[in-house]
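Hi everyone, thanks for coming. I'd like to walk you through a structure that may be new to you, starting with the whole and then visiting a few spots.

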Amino acid sequence: PQSDVLRASMFTIELLVREEPRMVEALRQAEAVPLLLEGLRWAAELGDSAVDLAGVCAMALASVAQMVGRKEHQELFERSGAPMFLARIAQGGKHPQVEEQAMVALGRLTGMDGVLQVMRAAPCHKPVIRGGLISLAELVDEGSNDTEELLRMPMVLRYLMRLRAAMEEPQAIVVCRQKCAAAISAIIRCLAPHAPPGVLSEMDEAMEEILHSLDPPSLRCSNVASAAETLVEALGRAALLNDGWRDALRSRGAVERASAIIRGVHGQRRLTKYTFWLSASLVGLPFVVHEMQHNPQSAEIADAAFCTLIDILDDDLEGDWALRYTDQCSAEEIPRTIGLISSVMDRHPEDHVLQSRGCHCIGLLVPMAPMSQDLARVVIHAVFEALRLHGKKVEVVRDAFYVFRAILDLSSSAQARAEPLVALLRERHAEEVAAQALRDFAGQHESALLEDAATTLAALSGTAELLALLDAAAPDSSLRACGVKALFEFGRQHPQVLREGKDQVAKFLGKIAAE
């Protein structure tokens, strides 16, 4: 019964801390850390009869230690013997899940040194290695701003690279490539801003080994490809974080290696996307266009190329994948690029994801393009064909109206350039397509689609039809909310159109206010 009470208590503490971090302060005031340490000691001494309890105690302690700060309680952790108990649990050899949990908890109590010590003591025990790799990746991410931890990372990187090499041996007992790659990648991301080529031998050797290990024949196996994705991403991150690494990777043949992977490894779509992204981080958009031009028959390559093009051009894209600061193409090359995208879309009419992403790419390029009548026809053909083939697919419709909105926005700032496109929109009755899209997707939470379709309808046929659709929509519908927002944005750009229907607009807004 005492064991059951302790288990329930530890489980509750772990859950509280994980779900509600503010509970940590209450636990600190209640002096919960010594209690957790005592619970772990007791569970460890009970051995196999309390292995479940040991796992719960370890995770509860790990959660609390992560929140209160390892260094703040370092002396208490060491004095209690918790690291020794966790190391003993991790090397038990009978309960893999609990043993992995013990390694994660050990990392949160002792940092990288304690984890490496146990990994070196039990190099053939899979839960120790797996749990240790999980812990190291976590600790590296947390220690990126800690000088003391950064100084340890080169040594840890060297150990991980040796471990990775050992996993490729035919007689390897422990093989967990993905977790090893994740830990290596985390260290590379941390060290790259501080260590350009030639500063740290560990970093130089790791980057060289990773690049040479990306051999297309070996990457056809899915578990090898999965780890390679993580390492390819690490190379790209280093290039983005430090110009020295971008230049070094280019000079060491990374672009040629990437091209070989793209053309030589089929059926690994995620790896293809990561490889395109790496290449774009090194040489920008020209690589993407080149590969797309030479492999138009491959939907896999086209998809990766479209995704990377969006990463490069989309100013609204935030986060780790944005490539807006890499090299782009000149204005003279944009018409050829749009034509290439359109021809790839024509080659893969059944692939609605490609049709959607192709439209998005065109929408990003249109505002930069020197427009001609011929190019306008290419743009409009590609988008209307995508709508004809997949007019009920929300992503295709959303990205098609993204193009229409780009054209209409361009007409406000560069009317002469947009004129051929707007004329073709009218010729193809884009306002009718917009009205139908608003009816089809009125109840869906697709704000971009609804706003862009509403703007298209207002711009091409005035406000009357849009107001009628909004008036008929339910008061709490997505159509009503997005349509009013679009009307406001459109009115700011084209106040004369709004003034023409001012009585209808005022009546509709009065109805909304009354509701």
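I'll begin with the overall picture, then turn to some helices, and finish with four single residues. Please keep in mind that this is a predicted model.

So, what is it built from? The protein has 29 helices and 0 strands. If you lay the C-alpha trace along its principal axes, it spans about 80 × 60 × 40 Å. There are 515 residues, and 54% of them count as buried. On the outside, the protein exposes about 22,700 Å², and 52% of that area is supplied by carbon and sulfur atoms.

Next, how does the chain meet itself? Take the contacts with a separation of 6 or more: residues 24 or more positions apart account for 73% of them. As for charge, we have 52 positive and 70 negative side chains. The centres of those two sets lie 2 Å apart.

Now let's look at some helices. Please find α24, residues 430–440, and α25, residues 447–461. At what angle do they pack? The angle is about 145°, and the axes are 8 Å apart. Their crossing is left-handed. On the α24 side, the contact is made by A430, E431, A434, A435, A437 and L438. From α25 come L450, A453, A454, T456, L457, L460 and S461.

Just ahead of that pair there is a residue I'd like you to see. H429 sits in the loop between α23, residues 415–427, and α24. Most residues other than glycine have a negative phi. H429 has a positive phi of about 55° although it is not a glycine. Its relative accessibility is 40%, so H429 counts as partly exposed.

Let's move to helix α8, which covers residues 112–121. Which of its residues are buried? They are M112, G114, V115, L116, V118 and M119. And what do they pack against? Four helices: α6 (82–90), α7 (96–110), α9 (126–142) and α10 (147–167).

From α10 we can follow the loop that leads to α11, and V175 is found there. Is V175 buried or partly exposed? Its relative accessible area is 30%, so it is partly exposed. Leaving out residues up to four places away in sequence, V175 touches K126 and M167. The C-alpha atoms of V175 and L163 are separated by 9.4 Å, and these two residues are 12 apart along the chain.

Carry on into helix α11, residues 177–191, and you reach A181. With a relative accessible area of 1%, A181 is buried. What is it in contact with, beyond its neighbours within four places in sequence? The answer is A227, T230 and L231. M161 is 20 residues away from A181 along the chain, with 9.1 Å between their C-alpha atoms.

One last stop: S411, in helix α22, residues 394–413. Here the cut-off helps, because buried means under 20% relative accessible area. S411 has 18% relative accessibility, so it counts as buried. Setting aside residues up to four places away in sequence, S411 touches A418 and V422. S411 and P367 are 44 residues apart in sequence, yet 9.6 Å apart in space, C-alpha to C-alpha.

To recap, we have seen a predicted model with 29 helices and 0 strands, and 54% of its residues count as buried. Thanks for listening, and I'm happy to go back to any of these spots.

Methods. Residues are numbered from 1 along each chain as its sequence is written. Side-chain values use heavy atoms; hydrogens and water are left out. Helices (H or I, at least four residues) and strands (E, at least two) are DSSP runs, numbered from the N terminus. Buried means under 20% relative accessible area, exposed over 50%, partly exposed in between (1.4 Å probe, protein chains only). Contact means heavy atoms within 4.5 Å. Accessible areas come from the Shrake-Rupley method with a 1.4 Å probe; for residues, only the protein chains shown count as cover. Lys and Arg count as positive and Asp and Glu as negative; His and the chain ends are not counted. The place of a charge is taken as NZ of Lys, CZ of Arg, CG of Asp or CD of Glu. Axes are lines fitted to C-alpha atoms, for helices over the stretch in contact, and angles run from 0 to 180 degrees between N-to-C directions. A crossing is left-handed if the near helix is turned anticlockwise from the far one by less than a right angle, and right-handed if clockwise.
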